[in-house]
Amino acid sequence: MDSIIKFENVNFRYEDSKDLAVNNVSLEIKRGDFVAVLGHNGSGKSTLAKLTNSILLPQDGQILVNGMDTADESRIYDIRQTVGMVFQNPDNQIVATVVEEDVAFGPENLGVDPREIRERVDAALKAVEMYEYRQHEPHKLSGGQKQRVAIAGVIAMQPECIVLDEATAMLDPRGRKDILKTIRMLNEQLGITVVFITHFMDEAVCANRVIVMDNAEIIMDGTPQEVFSKTGDLRVAGLDVPQVTELSQWIEKEGFGISKNILSTDECVDMILSILEVQKG
Amino acid sequence: MIKDITIGQFFPGKSMVHRLDPRVKLILTMTFIITIFLCKNFFALGIMLFSLILIIISSKISIKLILRGIKPLLFIIVFTAFLNIFFMSTGEVLLEYKFIVVTTGGVFTAIFMAIRIISLIIASSLLTYTTSPTMITDGIERLLSPLKFMKNGVHTVAMMMTIALRFIPTLIEEFDKITNAQKARGANLETGSLVQRAKALIPIFVPLFITSFRRAYELAFAMECRCYQGGEGRTRMKQMKTGLIDIYGLAFMAVILGAVIFLNYSYTHVI
């Protein structure tokens with residue numbers, strides 16, 4: 001069983017809407033993977049997230065989490081413990097008035113032994129580098145810090161997969177950077193599968209796999225290299241490629257040979273430097 | 001102005017008062033408040049005031065903070081005291097001007113009432129200053145747990161209180177934001193008659209209500225995602241254990257109660 005989440009021909013329509021929000025989506029997410037889901041507003045990416053832990057149930061098709069059907073009501077809490085979810089607005093997902101008590105909320109609901117809760121809470125807060133703030137009041141923290149507390153609250157439930165539903169959308173650039181660093185660490189060191197839903201292209205670059213959604217369907221699926229090389233297709237979906245990728249494609253159009261797709265600033269700098277060297281020599 | 005309200009806030013610490021079991025602290029606070037009402041003379045009230053000062057010192061909460069908590073209620077205190085001065089007519093007459101008569105009895109009652117109200121406020125705010133809201137609501141939940149037949153109801157109410165307290169600062173922030181946004185659009189909130197000013201608040205409260213509903217909806221989602229399923233089968237990270245310190249607290253309270261009852265009977269005619 002190496003896929004943790006499996007969508008099979010899933011259709012979903014909101015009650016008050018005529019159009020499908022998710023249209024015939026089949027998708028498999030591998031254990032330990034870091035997947036970015038891209039799409040403009042209303043493309044169905046948030047609905048996709050809510051389908052993964054049976055907050056929403058599909059009208060057609062089946063979704064399996066670790067082999068458990070999300071429509072099976074007896075497994076609903078097992079599924080939610082397996083797939084943790086972080087939402088967009090940090091204020092609306094913090095329940096308690098003290099950071100550590102909020103992080104403890106999940107394990108408390110699961111009926112974990114008090115001593116173990118304490119250990120889990122401390123470990124989770126250390127993992128997101130918020131341990132010094134454990135006694136603080138959440139409303140006095142910055143957006144990025146609040147969001148890290150929310151992530152800690154999910155980690156304390158020891159999930160195998162974390163779905164972040166536009167978790168960086170309301171943060172300033174620094175908060176976004178911190179969140180990205182945190183989830184990368186969770187993915188690499190704790191082996192937690194990450195599904196990262198966003199509309200910031202630059203954030204999708206650090207994923208292993210990028211899925212692009214448009215009009216309730218998956219229109220692209222591949223490595224960041226593959227997806228971002230198709231600038232035209234992305235434009236059609238109402239998305240931009242990362243700035244450095246766009247720059248490198250312009251340079252290529254001008255007749256300079258570029259060996260591969262440029263995704264990060266460092267790569268771009270190296271590429272420009274090497275071109276300049278060639279020009280000089 | 002709204003930000004001045006300190007009642008309900010929690011200031012973490014490790015003092016004796018902080019370490020008391022929340023259940024014991026709740027009982028002690030209630031007993032303390034009842035005892036304040038039992039006081040019939042200045043000697044008894046003096047004991048209460050003295051023990052209150054002892055509690056403040058041992059809680060290591062700054063006096064400044066406690067005074068700040070009284071400030072928003074100062075008007076009510078002064079007003080009550082004022083009424084007492086003019087409407088009590090026992091004792092010697094100190095001042096007489098047309099229909100206004102000030103007597104020693106009136107002045108004493110006024111001072112007595114003021115001290116009583118201030119001690120009430122301090123005692124109850126000390127509870128929230130030294131106990132996290134979650135612990136208070138947990139404490140209430142556990143104290144009421146003998147009401148087993150409605151236990152889930154008790155848990156639900158406790159959970160609601162926790163969330164309400166959690167969202168007070170968030171809503172205050174939101175209120176300020178909306179007020180500023182409406183002012184930037186030319187809303188006039190400061191001038192005009194009372195009715196006009198009340199009407200001017202409508203464009204602030206409508207968006208506040210709408211966002212609150214959305215918040216509630218999202219919060220419910222988030223709680224579901226974190227496997228919230230009511231009070232059944234729930235454990236707590238912070239266990240409540242009564243220790244030596246709680247026995248000290250109860251003994252201290254018993255002594256105060258005894259002293260107040262004794263003084264009430266010893267000096268029946270002081271006030």
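In this predicted model, the side chain of B:S125 turns back towards its own chain, with one of its polar atoms lying 2.7 Å from the backbone oxygen of B:I121. B:S125 belongs to helix α6 of chain B, which covers residues 104–130. The relative accessible area of B:S125 is 4%, and since values under 20% count as buried, this serine is buried. A helpful piece of background is that an α-helix has 3.6 residues a turn, so residues three or four places apart point the same way. For a sense of distance along chain B, the C-alpha atoms of B:S125 and B:E141 are 20 Å apart, with these positions 16 residues apart in the numbering of the chain.

Chain B also offers a pair of packed helices to look at. Helix α3 (residues 42–59) and helix α11 (residues 244–266) of chain B have axes 8 Å apart and pack at an angle of about 160 degrees. Because angles over 145 degrees count as roughly antiparallel, this description fits α3(B) and α11(B). Their crossing is right-handed. On the side of α3(B), the contact is formed by B:F43, B:A44, B:I47, B:M48, B:S51, B:L54 and B:I55, while α11(B) contributes B:F252, B:I256, B:A259, B:V260, B:L263 and B:N264. Sorted by class, this contact contains 11 nonpolar and two polar residues, and no charged residues.

A link between the two chains appears at B:R226. This arginine sits in the loop between α10 (202–225) and α11 of chain B. Is B:R226 buried or exposed? With a relative accessible area of 4%, B:R226 is buried. Its side chain reaches across to chain A, where the backbone oxygen of A:Q93 lies at 3.1 Å. Apart from neighbours within four places in sequence, the residues in contact with B:R226 are A:Q93, A:V95, A:D102, A:V103, A:F105, A:G106, A:N109, A:G153 and A:M157.

Several of these partners lead to helix α3 of chain A. In α3(A), the buried residues include A:D102, A:V103, A:F105, A:G106 and A:N109. The helix is mostly covered, with 11 of its 11 residues buried. Just after α3(A), A:G111 has a positive phi of about 75 degrees.

Helix α3 (residues 99–109) of chain A also meets helix α4 (residues 114–127) of chain A, and their axes come within 9 Å and cross at roughly 120 degrees. That angle makes α3(A) oblique to α4(A). The crossing of α3(A) past α4(A) is right-handed. Here α3(A) supplies A:V99, A:E100, A:V103, A:A104, A:P107 and A:E108, and α4(A) supplies A:I117, A:R118, A:R120, A:V121, A:A124 and A:L125. By class, the contact of α3(A) with α4(A) holds eight nonpolar and four charged residues, with no polar ones.

Elsewhere in chain A, A:T47 gives another example of a covered residue. A:T47 is part of helix α1 of chain A, residues 45–52. A relative accessible area of 6% makes A:T47 buried. Beyond its neighbours within four places in sequence, A:T47 is in contact with A:F12, A:Y14, A:A21, A:V22 and A:L56.

Finally, two asparagines of chain A deserve a look for their backbone angles. Most residues other than glycine have a negative phi. A:N66, although not a glycine, has a positive phi of about 55 degrees. A:N215, also a residue other than glycine, has a positive phi near 50 degrees. Where in chain A is A:N66 found? A:N66 is in the loop between β4 (60–65) and β5 (68–69), and A:N215 is in the loop between β9 (209–214) and β10 (217–222). As for accessibility, A:N66 counts as buried at 15%, whereas A:N215 counts as exposed at 61%. The side chain of A:N66 also makes a polar contact of 3.1 Å with the side chain of A:E160. The C-alpha atom of A:N66 is 8.7 Å from that of A:D2, a residue 64 residues away along the chain.

Notes
Residues numbered from 1 in each chain as written. Chains lettered and ligands numbered in written order. Predicted model: local features only at pLDDT ≥ 70, side-chain atom pairs only at ≥ 80, totals over all residues. Heavy atoms only, no water. Helix = DSSP H or I, 4+ residues; strand = E, 2+ residues; numbered from the N terminus. Buried < 20%, exposed > 50% of the residue type's maximum accessible area, 1.4 Å probe, protein only. Polar contact = N/O pair within 3.5 Å; in protein donor to acceptor, adjacent residues only side chain to side chain. Axes fitted to C-alpha atoms, helices over the stretch in contact; angles between N-to-C directions. Parallel < 35°, antiparallel > 145°, perpendicular 65-115°, else oblique. Left-handed = near helix turned anticlockwise from the far one by under 90°. Contact = heavy atoms within 4.5 Å. Nonpolar A, V, L, I, M, F, W, Y, C, P; charged D, E, K, R; others polar.
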